[in-house]
Amino acid sequence: MAVLRRIARPLLAAPFVAGGLRTLRDPHGAAPAAEAVAVPLARRIGPLTEDPVHLVRINAAVQFGAGALLTLGRFPRFASLALAASLVPTTLAGHAWWKEEDPDRRTLQRLQFAKNLGLIGGLLIAAADTHGKPSLAYRTRTAVSRGNRTVHRGATRAGDRTQRVAATAGRSASDAVHGTGQAVRSVAGSAREALPGG
């Protein structure tokens, strides 16, 4: 499986590295399409620039950088998520097939849109890949479960010890009371014998 990952990651990252580099060199070609989608999205997100060329450069830099990380196998889960997130505005801006009037262009844009959806799916699978190790959620649940069992065992042992101590203390108290009763009877018997006429 490790060999498969080493082959699959660069293949999955290749279009992002190439496309990101191409767009970084010439962001003006994608700016008109980005203006319709990215600028309104940037306004909703917050204090980003509203310059479409700058937004295209940011997206291209994310795609190039995350693609390079995924190719090298560095932070592959984070890189996959970053690529999937960057592909959403790219797909909406670049392949808005529903806006096309020409049937041939509409078909082409619909195919590109579907291809990008497939890439997003592959990136999400790559983001969920734990390299054969249990996920963080599984490890957390297991640790909590082990902790609960340890606490339960400790409480049971403490309860058993408390019961043993209480039983020992009860026997000791009973023995002490019994011994005290015998001592009192013995002293009373001695005192009777020591009395005249006893």
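This note goes through a predicted model of one protein chain, point by point.

1. Overall make-up. The secondary structure consists of six helices and zero strands. Read from the N terminus, the order of elements is α-α-α-α-α-α. The chain has 198 residues, and 24% of them count as buried. The exposed surface comes to about 13,500 Å², with 64% of that area supplied by carbon and sulfur atoms.

2. Contacts along the chain. Take the contacts in the chain whose partners have a separation of 6 or more. Of these contacts, 64% join residues 24 or more positions apart. Several such pairs come up by name in the points on salt bridges below.

3. The nonpolar core. In soluble globular proteins, nonpolar side chains tend to be buried together. In this model the largest nonpolar core has 13 residues, and the members that touch the most others are Phe 16, Leu 70, Leu 83, Leu 87 and Leu 123. Four helices give two or more residues each to this core: α1 (2-25), α3 (52-72), α4 (76-94) and α5 (103-128). Helix α4 gives the largest share, five residues.

4. Leu 83 as an example from the core. Which residues does Leu 83 touch, not counting those up to four places away in sequence? They are Phe 16, Val 62, Gln 63, Ala 66, Gly 67, Leu 70 and Leu 123. Phe 16, Leu 70 and Leu 123 are also among the core members that touch the most others.

5. Ala 79 in helix α4. Ala 79 belongs to helix α4. Is Ala 79 buried or exposed? Its relative accessibility is 0%, so Ala 79 counts as buried, the cut-off being under 20%. Leaving aside neighbours within four places in sequence, Ala 79 is in contact with Ala 66, Leu 69, Leu 70 and Arg 74. The C-alpha atom of Ala 79 is separated by 8.3 Å from that of Gly 65, a residue 14 positions away along the chain. Ala 66 and Leu 70 are also touched by Leu 83.

6. Helix α5. This helix has 26 residues, and at 1.5 Å a residue it should span 38 Å. The C-alpha atoms at its ends are 37 Å apart, which agrees with the expected span. The buried residues of α5 are Gln 109, Phe 113, Asn 116, Leu 119, Ile 120, Leu 123 and Ala 127. Among the elements that cover them are α1, α3 and α4.

7. Salt bridges at Asp 129. Side chains of opposite charge can pair when their charged atoms come close. The count for this model is three salt bridges. In one of them, the side chains of Arg 5 and Asp 129 meet at 2.5 Å, N to O. Arg 5 is in helix α1 and Asp 129 is in the loop between α5 and α6 (136-194), so this pair links parts of the chain 124 residues apart. In another, the side chains of Arg 9 and Asp 129 meet at 3.9 Å, N to O. Arg 9 also lies in helix α1, so its pairing with Asp 129 ties together parts that are 120 residues apart in sequence. Arg 5, Arg 9 and Asp 129 are thus linked in a network of salt bridges.

8. How covered these residues are. Arg 5 counts as buried because its relative accessibility is 15%. Arg 9 is buried too, with a relative accessible area of 16%. Asp 129, at 22% relative accessibility, counts as partly exposed.

9. The remaining salt bridge. The side chains of Arg 105 and Glu 100 meet at 3.5 Å, N to O. Arg 105 is partly exposed, with a relative accessible area of 38%.

10. A nonpolar patch on the surface. Which residues make a nonpolar surface patch of about 320 Å²? Val 3, Ile 7 and Leu 11 make it. Val 3 is located in helix α1. Its relative accessible area is 59%, so Val 3 is exposed, the cut-off being over 50%.

11. Phe 75. Most residues other than glycine have a negative phi, and most peptide bonds are trans. Phe 75 is not a glycine, yet it has a positive phi of about 45°. Phe 75 sits in the loop between α3 and α4. With a relative accessible area of 61%, Phe 75 is exposed.

Methods:
Residues numbered from 1 in each chain as written. Predicted model: local features only at pLDDT ≥ 70, side-chain atom pairs only at ≥ 80, totals over all residues. Heavy atoms only, no water. Buried < 20%, exposed > 50% of the residue type's maximum accessible area, 1.4 Å probe, protein only. Contact = heavy atoms within 4.5 Å. Areas by Shrake-Rupley, 256 points an atom, 1.4 Å probe, with all protein chains shown as cover. Core = buried A, V, L, I, M, F, W, Y, C linked by side-chain atoms within 4.5 Å. Expected span 1.5 Å × (residues − 1). Patch = residues over 30% accessible without salt bridge, like charges linked within 9 Å, V, L, I, M, F, W, Y side chains within 5 Å. Salt bridge = Lys/Arg side-chain N within 4 Å of Asp/Glu carboxyl O.
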